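The exercises below are meant to be worked through with the coordinates open, and each task is followed by a stepwise solution.

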Amino acid sequence: MKKILFCLLTFALAVTTARAHDPQKFSPEKFQADMEQYITKEAELTPEEAERFFPLYREMQQKQRKIYNQMKQARKCKPTDEASFKKAVEKRDCQEIELKQILQCYHNKFFSVLPAEKVYRVILAEDKFHRNAFKQWGGHHKPKPMPAKDKPKDKK
């Protein structure tokens, strides 16, 4: 009996440990924190700038997420005739325009808390962060090193 109990406990511990170290497990909170840290570093935001900027940024993301969720729901509906296909395309167009309007509105709000150069750097940093995240999720965890002959030479 003790051997069976010991085996069960060992198995439960192994499963729990394996789940705790699951690299595919996505945490939205960790993703958000990593992204904010990356943006802060890449755009060289001061702590004061980050404190003023990120509440606006999160507010923008919430509004965008609502539209993305609507678009996701719309993909579940399958049009059946010409009129419903046309309506689906028009609805998607409107949602994409709304996303761009949200983006433009918040870029203007960002100008009130950051210099334009830093707003630009934030935009580039966000794009770069997402590209890197997609590469990692796609199994490209480590960038391939450049062969020695292709490395750029130091300019003197």
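**Exercise 1.** Determine in what order the elements of the protein run from the N terminus on, and how many helices and strands there are.

*Solution.* In this predicted model, the elements run α-α-α-α-α from the N terminus on. Counting them gives five helices and zero strands. As to contacts between residues at least 6 apart in sequence, 78% join residues at least 24 apart.

**Exercise 2.** Check whether the end-to-end distance of helix H3 agrees or disagrees with the span expected from its number of residues.

*Solution.* Begin with the 30 residues of H3 (residues 47–76), which at 1.5 Å a residue should span 44 Å. Next, take the distance between the end C-alpha atoms, which is 42 Å and therefore agrees with the expected span. Finally, inspect the axis, where a kink of about 30° lies at Phe-53, shortly before the proline Pro-55.

**Exercise 3.** Decide whether Glu-36 is buried or exposed, and identify what its side chain meets.

*Solution.* First locate Glu-36, which is found in helix H2 (residues 28–42). Its relative accessible area is 13%, and since buried means under 20%, Glu-36 is buried. Then look for polar partners: the side chains of Glu-36 and Gln-32 are joined by a polar contact of 2.8 Å. Leaving aside residues up to four places away in sequence, Glu-36 touches Phe-54 and Arg-58. Of these two, Phe-54 is listed among the buried residues of H3, and the cover of those buried residues includes H2, helix H4 (82–111) and helix H5 (116–137).

Terms used:
Residues numbered from 1 in each chain as written. Predicted model: local features only at pLDDT ≥ 70, side-chain atom pairs only at ≥ 80, totals over all residues. Heavy atoms only, no water. Helix = DSSP H or I, 4+ residues; strand = E, 2+ residues; numbered from the N terminus. Buried < 20%, exposed > 50% of the residue type's maximum accessible area, 1.4 Å probe, protein only. Polar contact = N/O pair within 3.5 Å; in protein donor to acceptor, adjacent residues only side chain to side chain. Contact = heavy atoms within 4.5 Å. Expected span 1.5 Å × (residues − 1). Bend = angle between axes of the 7 residues up to and from the residue.
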